[in-house]
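Here is a set of questions about how terms are assigned in one structure. Each reply sets a value against the rule behind the term.

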Amino acid sequence: MFAHPGHGGLLGGDPQKRRFDGFLARLIDLRDHGRCRDPYCDAAIRHHDHIVQSRAGGPASLANGRGVCARGNYVREMPGWDVETVHDGHGEHPHTVRTTTPTGHTYTSRAGP
């Protein structure tokens, strides 16, 4: 794990890892309060999802991860869905993710305090 000395926040872990496991998975669970980050979903976290998918070069990092239910992880693989990071959670803004549906609707999810 790597921390930024000026901010005191966690920046990431092993850049070669593909999976969110161990301590990193636990940090995501804590940051996301154990609940799915998809819009209008309050299911328990079952998957740790790459916001920028690993096949597109997205790292297994706290900023690039989000906790989701199984449905949330599978549905975002369907055509027309887009998930992007708005704020990485470092600094004054909480970790914020925007989800765009195939109909063009956008939903914003902010991590709690």
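The questions and answers below concern this predicted model.

Q: Why is the pair of Tyr 40 and Tyr 107 called edge-to-face?
A: The ring centres are 5.7 Å apart, and the rule for a pair asks for centres within 6.5 Å. The planes stand at 80°, and an angle over 60 degrees counts as edge-to-face. Both conditions are met, so the pair of Tyr 40 and Tyr 107 is edge-to-face. The count of aromatic pairs by this rule is one.

Q: What parts of the chain does the aromatic pair link?
A: Tyr 40 lies in the loop between helix 1 (22–31) and strand 3 (47–50), and Tyr 107 lies in strand 7; the two are 67 residues apart.

Q: Why is Tyr 40 called exposed, and why is Tyr 107 called partly exposed?
A: Tyr 40 has a relative accessible area of 77%, and exposed means over 50%, so the term applies to Tyr 40. Tyr 107 has 27%; buried would need a value under 20%. The value for Tyr 107 falls between the two cut-offs, so Tyr 107 is partly exposed.

Q: Why does Ser 54 count as partly exposed?
A: The relative accessibility of Ser 54 is 25%. Buried means under 20% and exposed over 50%, so Ser 54 falls in between. Ser 54 is in the loop between strand 3 and strand 4 (65–68). Its C-alpha atom is separated by 9.7 Å from that of Asn 64, ten residues apart along the chain.

Q: How do you know that Cys 36 is in no disulfide?
A: The closest cysteine sulfur to that of Cys 36 belongs to Cys 69, at 3.8 Å. A disulfide needs two sulfur atoms within 2.5 Å, so the distance is too far for a bond. Cys 41 is in no disulfide either: its nearest cysteine sulfur is that of Cys 69, 3.8 Å away. The search of the whole structure finds zero disulfides.

Q: What makes Cys 36 buried?
A: Its relative accessible area is 6%, and buried means under 20%, so Cys 36 is buried.

Q: How do you know that the buried residues of helix 1 are on the same side?
A: The buried residues of helix 1 are Leu 24, Ala 25, Leu 27, Ile 28 and Arg 31. They cover an arc of only 160° around the axis, which puts them on the same side of helix 1. On the other side, Gly 22 and Phe 23 are exposed.

Q: What makes strand 4 covered on both faces?
A: Gly 65 and Gly 67 on one side and Arg 66 and Val 68 on the other are all buried. Strand 4 is joined to strand 3 by four bridges, in the antiparallel sense. One partnership is that of His 48 with Gly 67 in strand 4.

Q: Why do strand 5 (82–87) and strand 7 (106–110) count as edges?
A: The open sheet of three strands has the order 5-6-7, with antiparallel pairing. Strand 5 and strand 7 each have a single partner strand, so one side of each is left without a neighbour in the sheet. The twist averages 25° from one strand to the next.

Q: How do you know that strand 5 and strand 6 (residues 96–100) pair?
A: Five bridges connect strand 5 and strand 6, and two strands pair with at least two bridges, so the criterion is met. The sense is antiparallel. His 87 stands opposite Thr 96 in strand 6.

Note on methods: Residues numbered from 1 in each chain as written. Predicted model: local features only at pLDDT ≥ 70, side-chain atom pairs only at ≥ 80, totals over all residues. Heavy atoms only, no water. Axes fitted to C-alpha atoms, helices over the stretch in contact; angles between N-to-C directions. Phe/Tyr/Trp six-rings, centres within 6.5 Å; stacked < 30°, edge-to-face > 60°. Buried < 20%, exposed > 50% of the residue type's maximum accessible area, 1.4 Å probe, protein only. Arc of directions from axis to C-beta.
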